[in-house]
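Trainee: I have this structure open and would like to go through some of it with you. Where should we begin?
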Amino acid sequence: MAAAFSGRVLGARSRIGTAAQLRAWARRGRAMTPASPAVAASTPSHGYANATPAVHLTPDKELEFEQDKTTVLFRVLDEPGALNEVLTMFGQYGFDMTHIQSRLSKDDVDAYEFEIDFKGDELDSKVSTFLDVLREQTDELRVLGKKQVPWFPRHISDFDHFTQKTLDADEDLESDHPGFNDPDYRQRRADICKAAMAYKAGTGRVPNPIERVEYHEDEVAAWGAVYNQLMKLYPAHACKEAQHNLKLLQRHAGYGPDQIPQLEDVSVFLREASGFSCRPITGLLSARAFLAALAFRVFFSTQYIRHPSQPFYTPEPDVCHELLGHVPMFADPDFADFSQEIGLASLGASDADIERLATCYWFSVEFGLCREKDVYGQRTLKAYGAGCLSSFGELEHCMSDKPEVRPWDPLEACQQSYPITTFQPVYYAAESFADARERMIDFTATINRPFDVRYNRHSQRIEFDRNVSVAPPRD
Ligand SMILES: [Fe+2]
């Protein structure tokens, strides 16, 4: 069937990928404009967690108070009970330690050095009093400065401020896009993107609803053509999780060949299934911003569709790629956990590590394969990556004997080069998503980052253990 279609028969390029792609995306423009400092809060008399602000604060400002930390470095003599005595003081004075590490003192063979981060602002009078007491009980106590790390969102509402694109969709089309010379198509995309650009999820536990799109007849026809082709291949080649969730999506989120599902319905479904939610986006994001969203179990999704004249080709992610390729997998809790691990590892990481993580994302979330036991106990190859599940050409190719299939190993995969305009020559196959996640966690230990993070799903915040200062967002 593939030969019947001209050009590349691909699902879509990933939203993130090579350095060349990132440069191209950067050229197209990103909008990571800082939020306006809307509220001038009075300086509190204390600066640590559980403080009740006297005035209404923006989420960013609240975060600043919540995560103020101080780092101290001091020496303690190597004798029984000496360290315990010092550590007990933190509790006595009401300060929570968030990180502690020790090393042999280079200056005193009878002593150890300890570096401790604790909740509290160095400028707070309560903290400075405590530091004076601590200084008397230890040797050579020093207060260390903050470690600056690249920008990352700390609260889920940060995406309302930092991830809107600056250029409108009409300007974003490349000259090789099938809709490049079609003014009606470009206007249609711009109209759909307008609502996406204005979208704000808000700060509530349930995000604001996503505006519905009334799809045109030719758009639904393009969706239906892609949908019907893929449904022929899914039973043989899609992993069981994708197939199971697709059935649920058909039942509960409007999936079928005769209508394009609404992103809002899909997002509601995902929240119940795995805690993921969708946000509309107008186009391509930087790898850093896209991966960061995964840490919050948020998936950025386009709502526009490929040019109806070529339903089996798109040079970029569109609604077919997002809803048929990604969504069935994000509905699986193990896969959702796996994706979130990649996202968490990206927060505050260096550019080089972002590229390594983006490459892991490419070979897993976009083009990952896995092995499943069939009814005879034989392990057979299946697809779980969105680039395979949303493109019948790629799906047929990855199951053929043409590409090389290697065991999933993030340490190896992160160094593997890959093409973005042809079918993949190399795929990685995981034994299971739980196993893929464990290997990803091992891989994240190789990320060089001066702090650890976790996502608090109740407060919808990223919590970190060290006294770090987050740099302003880059353009
Ligand atoms: Fe994708």
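Mentor: We will go through one helix and its packing, then a sheet, and finally a single residue. Please keep in mind that this is a predicted model.

Trainee: Okay, helix 11 then: how many of its residues are buried?
Mentor: Helix 11 covers residues 287-295 and is mostly covered, since nine of its nine residues are buried. Among them are Arg288, Phe290 and Leu291, together with alanines such as Ala292 and Ala293.

Trainee: And what happens just after helix 11?
Mentor: Just after helix 11 comes Arg297, which takes a positive phi of about 60°.

Trainee: How do people describe two packed helices?
Mentor: They use the angle between the axes of the two helices and the distance between those axes.

Trainee: So what are the values for helix 11 and helix 13?
Mentor: Helix 11 packs against helix 13, which is residues 333-346, at an angle of about 120°, and their axes are 6 Å apart. The two helices are therefore oblique to each other, and their crossing is left-handed.

Trainee: Which residues make that contact?
Mentor: From helix 11 the contact includes Arg288, Leu291 and Leu294, while from helix 13 it includes Ser339, Ile342 and Gly343. Ala293 also belongs to the contact on the helix 11 side, and if you leave aside its neighbours within four places in sequence, Ala293 is in contact with Phe159, Val298, Phe299, Phe300 and Gly343.

Trainee: Which residues touch the most other members of the largest nonpolar core?
Mentor: That core has 100 residues, and those touching the most other members are Leu270, Leu291, Ala293, Phe330, Leu357 and Ala383. There is also a second, separate core of ten residues, which includes Val76, Ala111, Phe118 and Phe130.

Trainee: Switching to the sheet, what is the order of its strands?
Mentor: It is an open sheet of four strands in the order 9-8-11-10, and the pairing is mixed. The edge strands are strand 9 and strand 10, the latter being residues 404-407, and each of them pairs on one side only. From one strand to the next, the twist averages 40°.

Trainee: Do strands 8 and 9 run parallel or antiparallel, and what joins them?
Mentor: Strand 8 (residues 369-373) and strand 9 (residues 379-383) pair in the antiparallel sense over five bridges, and within that pair Glu372 stands opposite Thr380. The two strands form a hairpin with five residues between them, and in the turn Gly377 has a positive phi of about 85°.

Trainee: What about strand 11, how does it pair with strand 8?
Mentor: Strand 11, residues 426-430, pairs with strand 8 in the parallel sense over two bridges, and the bridge partner of Cys370 in strand 11 is Ala430. Strand 10 and strand 11 also run parallel, joined by four bridges, and there you can find Pro407 opposite Ala429.

Trainee: Last topic, Glu463: where is it, and is it buried or partly exposed?
Mentor: Glu463 is in strand 13, which spans residues 461-464. Glu463 counts as partly exposed because 16 other C-beta atoms lie within 10 Å, whereas a buried residue would need 20 or more.

Trainee: And which residues does Glu463 touch?
Mentor: Not counting residues up to four places away in sequence, Glu463 touches Val453, Arg454 and Asn456. You can also look at Asp452, which is eleven residues from Glu463 along the chain, with their C-alpha atoms separated by 8.3 Å.

Methods: Residues are numbered from 1 along each chain as its sequence is written. This is a predicted model: local features need pLDDT of at least 70, side-chain atom pairs count only at pLDDT 80 or more; totals for chains, interfaces and linings use all residues. A residue is buried if 20 or more other C-beta atoms lie within 10 Å of its own, exposed if 12 or fewer, and partly exposed in between; C-beta atoms are placed from the backbone. Two residues are in contact if their C-beta atoms, placed from the backbone, lie within 7 Å. Two strands pair if DSSP finds at least two bridges between them. Axes are lines fitted to C-alpha atoms, for helices over the stretch in contact, and angles run from 0 to 180 degrees between N-to-C directions. A nonpolar core is a set of buried Ala, Val, Leu, Ile, Met, Phe, Trp, Tyr and Cys residues joined through C-beta atoms within 7 Å. Angles under 35 degrees count as roughly parallel, over 145 as roughly antiparallel, 65 to 115 as roughly perpendicular and the rest as oblique. A crossing is left-handed if the near helix is turned anticlockwise from the far one by less than a right angle, and right-handed if clockwise.
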